[in-house]
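Okay, thanks everyone, I'll keep this short. Have a look at the model on the screen first, and then I'll talk you through the rings and the DNA.

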Amino acid sequence: MSLNFWKPGTAGPGSNLDRASEKEENVVPYALQNSYLSIQRQQEQLPIFKHREKLLYCLEKYGVIIVVGQTGCGKTTQLPQYLLQAGWANDGRVIACTQPRRIAATSVASRVADEVGTKLGDEVGYTIRFEDVSSKENTRILYMTDGMLFRETLVDPLLSRYSVVMVDEAHERSVYTDLLLGILRKIRKKRPSLRIIVSSATLDATKFLDYFAQGSSPDECTIVSLEGRMYPVEVAYLSEPTPDYVQKAAEVVWNLNLQKGPGDILVFLTGREDINRCLQELSDMLPTLPANATRLIPLPLHAGLTTDEQLNVFQSAAPGTRKVIISTNIAEASVTIDGVKFVIDGGFVKIRVYNPTTTLASLTTVPISVASATQRAGRAGRTAPGICYRLYPMTTFNTLPQTTSPEITRTDMTTPILQLKSLGVNDLMKFDWVSAPPAETVLRALEGLHAAGMIDEHGKLTPIGEQVSECPVEVGIARMLFRSKDMKCGEEILTIAAMTSVQDVFVIPDGGAAGALAELERRKFTAEEGDHFTLLNAYNAFTRYGRSSGWCKSHAMSFRAMSRAVSIRSQLKKYMQRFNLPIESCEGDSKRLARCLVSGYWRNAARWAPDGTYRSVRGNMVLHVHPTSVLFTRKSRTGWVIFHEMEETTKTQIRVLTEIEPEWLLDHGHAYNEKRKEQE
DNA sequence: GAGCACTGC
């Protein structure tokens, strides 16, 4: 089998898997950017030390600093410590450092607590949803998720207890990072003493600088560049495009294993299906592996795996073997595996895209960005120099977008906009977004908020909207929680709200006997009324049988998801108590419970059609029931259903359904009535 | 009779 990489035959004996020459700058854009050979000789010294005085000086002089540096340059752990030593946390003030992910906030906090020599939760702490390991009196450096700090602005609009806020990994552009940056810019106008540090990868630095420089004096912001602590990574490209990058990935793994020295391999593909196919290709080839060759240990890595399965990829390979981790994008930023020396980059990623016209979300496979490709390549240089093989030609690389579009431009904004309203941002078109969401997304969100009674016709928050904005659930679900007071079913609605907020409660193994068995287990919880009641049954069974992981395993349920549901339920329970909503049981009155569900889902109603699909009441769209629904195999007895969500795949599918009486829809809004008039 | 990248409050 032959591999045509860029500039074949320039290195290595008889190899057609040769890498691009390091000296030709056109050929190795990544390696040139990231060759820090001097650091290899002096590994004990973090380059960030050299910038300590400069950073502190800039922070005195400027209000906003954009700090640029690759992962591993120490900014996340070191910078807050410099600020602490320089007195930025004196007089009871706090230095905040935000992260897009929970795992980063907790692990970094624990490491910094060690370095500072304090107990975690004392001088150094963290705050993430469900976990607050910090002390109001003693904590000086607080790591937190960006969503958590954004939420804090609802309570303390000037973030008055913080002296410095460092927004880390800002280049990832999560919705909450963007919202937080927008609010921070507003806060600085009212409280210039607040210092902001935005930490980002190279490509986005000027975007952030321009954003904060707008409307303020030019001396306000500056960029500080830090050196990375990466090993050089060479990059090789295919000489021509491949029709099948999954098969190509398997080929490259195979040849790499025969031709290169030790080091694990990390392969980036788009999803579970690609990963399984690649694993299959490899295992088909394994019997032909020469007896003296390094053994290959292929391992899948994606979010659908159980925690145990995910942990497999961290076990170091036995002597004479080589791990091949075949992964989704999860290994690009969320999961770091040491010992990887070779990266194979398929060049694609699946992203979720929201279409405001149809209000449909879909998963789409798109080419990655330059930033993403750089990040992936960097995964090969964490512990030693490495090589990255890109399964596309350099001409393709040159056409890639610089960055992935920010999440805020491709997601439903209903909940964030309610929160912004609560913060006093009334004119959303005039709000200074880092990147604005599409106008139609904003309109759709306002329309939804109005229909749900959260804002009035002038766009002003209603009293219930004010309360719901504090609640960490979707607007419809929050509506159900409030409605449960009249319907006397708070106990059950609370559980359903929690269960619909977690994904993948039921484990669905890949096909075969295991899949059939899991299906049988799932059916044990089936309720005639539909999926919401089935989720309720599953939750109640989980708590009745001691909330154990063993029980979950034998009933094909995810212990992780169920534990999360328990946490969410207890958090929502506190909100209900705060809002004086009683937590009563409906005592088995399923009609009352289903009616309460309609109060949250009435915009998601659908009617059975003779061809076995449903038609949405809003928009008359053709909707297919998702195969995981208990209403997949049988029709709703009344012919009417409400559903939790719809998503576009090969067709438009609805998930988590409950059958309803059409009359129940009359209690809510006008959409149903109009539709009915049309049909009659 | 079908599949689902990844976060977050």
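I'll start with the aromatic side chains and then move on to the DNA strand. One thing up front: this is a predicted model.

So, how many aromatic pairs does the structure hold? The count comes to 13. Take Phe431 and Trp433: their ring centres sit 4.9 Å apart and the planes meet at 85°, which is over the 60 degrees needed, so we call that pair edge-to-face. Are those two residues buried or exposed? Phe431 has a relative accessible area of 8%, so Phe431 is buried. Trp433 comes out at 13%, so Trp433 is buried as well, given that the cut-off is under 20%.

Now put Tyr575 and Phe579 next to that. Here the ring centres are 6.3 Å apart and the planes are at 40°, so the pair is tilted. An angle of 40° is neither under 30 degrees nor over 60, which is why the label is tilted. Both Tyr575 and Phe579 are buried.

There's also an aromatic cluster to point out. Phe506, Phe525, Phe542, Tyr545, Trp551 and Phe559 come together as one.

And since some of you like cations over rings, I have a couple of those. Arg185 lies over the face of Tyr211, 4.8 Å from the ring centre. Lys635 does the equivalent with Trp608, over the face and 4.4 Å from the centre of the ring.

Right, on to the DNA. Strand B is surrounded by 33 residues, and the closest are Arg102, Ala303, Ile508, Pro627 and Arg655. What classes of residue make up that surface? You get eleven nonpolar, eleven polar and eleven charged.

Which elements supply at least two residues each? Those are α6, residues 146-155, then β14 at 348-355 and β21 at 652-659. The one that gives the most is α6, with three residues.

From the DNA side, look at the atoms of strand B within 4 Å of the protein: 64% belong to sugar or phosphate, and the rest belong to bases.

Last bit, the phosphate contacts. Gln653 has a polar side-chain atom 2.7 Å from a phosphate oxygen of DNA strand B. For Thr649, a polar side-chain atom is 3.2 Å from a phosphate oxygen of that strand. Then there's Thr650, where an N or O atom of the side chain and a phosphate oxygen of strand B are 3.4 Å apart.

That's what I had, so over to you.

Definitions and conventions: Residues are numbered from 1 along each chain as its sequence is written. Chains are lettered from A and ligands numbered from 1 in the order in which they are written. This is a predicted model: local features need pLDDT of at least 70, side-chain atom pairs count only at pLDDT 80 or more; totals for chains, interfaces and linings use all residues. Side-chain values use heavy atoms; hydrogens and water are left out. Rings of Phe, Tyr and Trp (its six-membered ring) pair if their centres lie within 6.5 Å; planes under 30 degrees apart count as stacked, over 60 as edge-to-face and the rest as tilted. Buried means under 20% relative accessible area, exposed over 50%, partly exposed in between (1.4 Å probe, protein chains only). A charge sits over a ring if NZ of Lys or CZ of Arg is within 6 Å of the ring centre and within 35 degrees of the ring normal. A residue is near a molecule or strand if one of its heavy atoms lies within 4 Å of it. A polar contact is a pair of N or O atoms within 3.5 Å; within protein, one must be able to donate a hydrogen and the other to accept it, and residues adjacent in sequence count only if both atoms are side-chain atoms. Helices (H or I, at least four residues) and strands (E, at least two) are DSSP runs, numbered from the N terminus. Ala, Val, Leu, Ile, Met, Phe, Trp, Tyr, Cys and Pro count as nonpolar, Asp, Glu, Lys and Arg as charged, and the others, Gly among them, as polar.
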